Amino acid sequence: MAETHNLPTSDNLNTKNGNFICGVVEGFYGRPWTTEQRKDLFQKMKKWGMCSYVYAPKDDYKHRAYWRELYTVEEAEHLTSLITAARDQNISFYYALSPGLDITYSSSKEITALKRKLEQVAQFGCTAFALLFDDIEPEMSEADKEVFQSFAHAQVSVTNEIYQHLSQPKFLVCPTQYCATRAVPNVTNSEYLNTLGSKLAQEIDIMWTGSKVISRLLTKEGIQEITDILRRPPVIWDNLHANDYDQKRVFLGPYSGRSPDLIPKLRGVLTNPNCEYGANFVAIHTLAQWSRCNVDGQRDLTLNDTVSADIKLETETEDGLLGEDVPTTLSPNMYHPRQALRNAINDWLPEFNKHKTAWGPIAKPQPAVAVVPVPIIPSINTCMSLTTTTTTSSVGTTPTPIVQTNQLQALAEVCSSVVTTTDTIVNPIPTPVMNSLVSETKVICNDTIPNPITPIPVKLLTADDTAQPLTVLNGAHIKIDKEKDIVHCDIKDTKEDENKGDICKDDATVKEDNSMNTDISNDLSNESSLSPSEPMDCNSTPNISPAHAAKCNGSNEDVAMSETASSGSMQVEPNDHTTMQVENHDEKKKDCELTVDDLSLLCDLFYLPFEHGGQGLQLLQEFNWLKSNAHLVVSPKQIQDKSNPEVQEWFLRAEKMNEMTEAVNRLFQHLTACNNRELLYDLYSYVWDIRGVISLLNSYIKWLAGGQFPSSMPSYTQGTYTWFSKGWKETFMSGEQEPWVFRGGLTADLQRLIPVDSGNDLFVYKAPDIPTCRVYTIRPYLSSDEAQVYDVCNRTCKDGLEDCLPYPDDLKDLQADRIVGSYLVLHPEFCMVVEDDSGVVGYACAAPDYKKFRIKQDLAWIPEMCAKYPVDENRKDISKYAKESIEYFHTFKDEVYVSSPTHPSSMVCSLLPSVLDQSVSKRLVTCLLAALRANGSFGVHVVMNTNDNYTHAFYGKLGFVENTHEAIKGKIVMGRTF
């Protein structure tokens, strides 16, 4: 396939003669693109030989919810400028309206409103239109039933009338039954589709998504079937790259599953891609390449007379060991997805170096609604309204799970938070009314206008009734801070978590807030919804955004993640707020520049709805092999059989896993350093999340390498349903299920391999609002770490803080000896540390059997400590806290301790206050719990003083709950199972 720049527009014969519509439909749910982004799109489309753009953002103010309302002067100017910009690039601008939610088809008043709206847009210079009747209830009102024979007749009548009224312009219609699975009872016998085909004006083009809402394949047979029924070839509304149904997925793979042989049989193809504009370069670029071809490069080349017999084949082993044959050279008219991806990546790379400003945080708020867990059932929307389910791992040994097709709905839970029994159903929060036509660079959320689509909750007021209106983002709880009387907006996110500090206006200065709000009443699952329509990606937009400077290396000046204790609480300023957050200015180093290899890895990690990229599959396979063959490195064998080829292979593959992890770290740091901050903000949360998961997997492999687990480990770490369960990947890749059944993508598939229930709260965390390239690494404790672990412990020993009174030299290690010393000495194999470029910043230590641990302490630790710290009642140079710590050693035998059959293990965990990213503590604890589980423990407890509020909240956010059955005077016992 020839490179893009070698194929000018004139070479695209399909679009040149006007017989093939090829382009983009902005038809997803969530935050629309900006005017500036659309104009950039038009330029790229012209360069790539594409011809059409459809304006149809589901959640833009006057497209759907308020379709009757005319545009203001300001909105008209922006829309006119878009239409003009498209015309300047020879792009047909289709203006689409979605009136189907509440239109009365038989009402002349409604038809007049529809005509008036489209007439207004026609005055702006628009010459192409569309009416969309997708994602609505297929029932007529009583008034319409008296006039029209059927729902289809009503839509046809209105569409034909509008088409004639506008003097027969270019016109598209999206039907209510827009794919084979929505055709009732099927495509051939659908009265609705047959009516459209026979009654709709022949010049009007009809849109179709294929066999499914998101179709893995489009076949000649399927296209011929719908063509016969509609009496015209369809325009494909292609949802292959749409990601508005899954917060953890973005699709960066090539246009695939559609042979160029289909082009003569189609009226056109319009891709409805990712919500994040910057993430769509590959999707649109490869579709453009596909549209120029007429030979399928994936077919058996020996059957293709148009292909020269001397074309050499290569096997893409470096990309994932799939053995897929890819021609080393392709003629310009031949399409192969992997080659198209390479071309796109080469053209995409310079985009990252363009200096662009970011307008909007990374957070993707969601309706903060929790329901009782039920199996996932898609709504009628392209963007599925999904409920959250939870799974509980059984303690006993279970055979390898087998995935049956009819079980998939119940198994669709991927990476959502646990909904506890104390959670209650709350009022759904309406989608914000968003407007992309009042600013070049921003999407404005207008909280003063109610959204008629979803219920409106009771308004909450501050103590000051005259408080200014707030911009409340999608998925927000309005709550009152009783101490400060400040209204907060709790932004919920699939990766939601609790903020633990504040980011100052200058990112180089981080305010350390060591207080922690213990209110967890709002810590609810956010992927559940009571509303029938739920946009899945609504980014909030600040009023002012700086031109962000690139930064590299994870220095102390990097901003760690801002987290507070109450579900991502974010203070919302009045609309006239003009304060800006500025990223720390650092010189960009040469070794921080993105490479083609980086982007190849990025695309493989976020490939396609029914397919993981080669390097993503390799990560899955390597980790699973290492975990499944960990018996090779159980300590006795490891010592005896170091020369054993199998043992050598295990360590070689462990090193390979480590190299792949380092490659992901490099990608993460290079991406964070790029000049194009808009593009970075679109991709950062995805890369940040998967980097953390892959790093966690690698940390667990490093622990396994120590061989500190019994030979019975596989019975404890089998897990539930994973990529390697019988039938799972086959069903995933078959396309027989819509992809939202397998929510979470590669990130979730990797998480499920960790031998801790992946459906719990430990995998719920929020990405930093401002990108930081700091990398935290979790690894097993080494004896050389003792001094640094002691330092962290001493600095956090008193409810997360250092004891404010100084200690004499002979007592400088007192608190660390009391809290963590015995774990390091007696159970170093169950100690983990987390480090950044400055060194160790946190630790987590455990004892798998606390009863046995106490016996060991009594014999091998306490006597030494009693000698080291004798009781001296007359000593005046130490604090009361220090005296109590000394007494602990001397009264150890008399201490009442926890003896719980459900929580047999004990642990301690602490991080320096400078670590504001709470995902670090969650991943650290996850790794430790996985180690405990490998040794047959499924429950752990912690003990603290009753007045340790910070510690109580810290463990609470890690999923620990108070154990009232193990009450100890003056203490709080908390536990969790895993």
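A residue counts as exposed here when its relative accessible area is over 50%, and as buried when that figure is under 20%, with partly exposed in between. Keep that cut-off handy for the close-ups below, which all come from a predicted model.

**View 1. Asn90, a non-glycine residue with positive phi.** Here we're in the loop that links α3 (73-88) to β3 (92-97), which is where Asn90 sits. Its phi comes out at about 60°, even though Asn90 isn't a glycine. Asn90 has a relative accessibility of 60%, so it goes down as exposed.

**View 2. Asp799, with a positive phi of its own.** This one takes us to the loop between α19 (786-796) and α20 (814-826), home of Asp799. Phi for Asp799 is near 55°, and again the residue is something other than glycine.

**View 3. A cis peptide bond leading into Pro185.** Zoom in on the bond from Val184 to Pro185: omega is near -5°, making this peptide bond cis. As for the surroundings, Pro185 belongs to the loop running between β5 (170-174) and α7 (191-199).

**View 4. A patch of negative charge on the surface.** Four residues make up this gathering: Asp872, Glu873, Glu884 and Glu887. One of them, Glu887, is part of helix α23, which covers residues 880-890. How exposed is Glu887? Its relative accessible area is 40%, so Glu887 lands in the partly exposed class.

Terms used. Residues are numbered from 1 along each chain as its sequence is written. This is a predicted model: local features need pLDDT of at least 70, side-chain atom pairs count only at pLDDT 80 or more; totals for chains, interfaces and linings use all residues. Side-chain values use heavy atoms; hydrogens and water are left out. Helices (H or I, at least four residues) and strands (E, at least two) are DSSP runs, numbered from the N terminus. Buried means under 20% relative accessible area, exposed over 50%, partly exposed in between (1.4 Å probe, protein chains only). Patches are made of residues with over 30% relative accessible area and no salt bridge: like charges are joined within 9 Å, nonpolar side chains (Val, Leu, Ile, Met, Phe, Trp, Tyr) within 5 Å. Accessible areas come from the Shrake-Rupley method with a 1.4 Å probe; for residues, only the protein chains shown count as cover. A salt bridge is a side-chain nitrogen of Lys or Arg within 4 Å of a carboxyl oxygen of Asp or Glu. Lys and Arg count as positive and Asp and Glu as negative; His and the chain ends are not counted. The place of a charge is taken as NZ of Lys, CZ of Arg, CG of Asp or CD of Glu.
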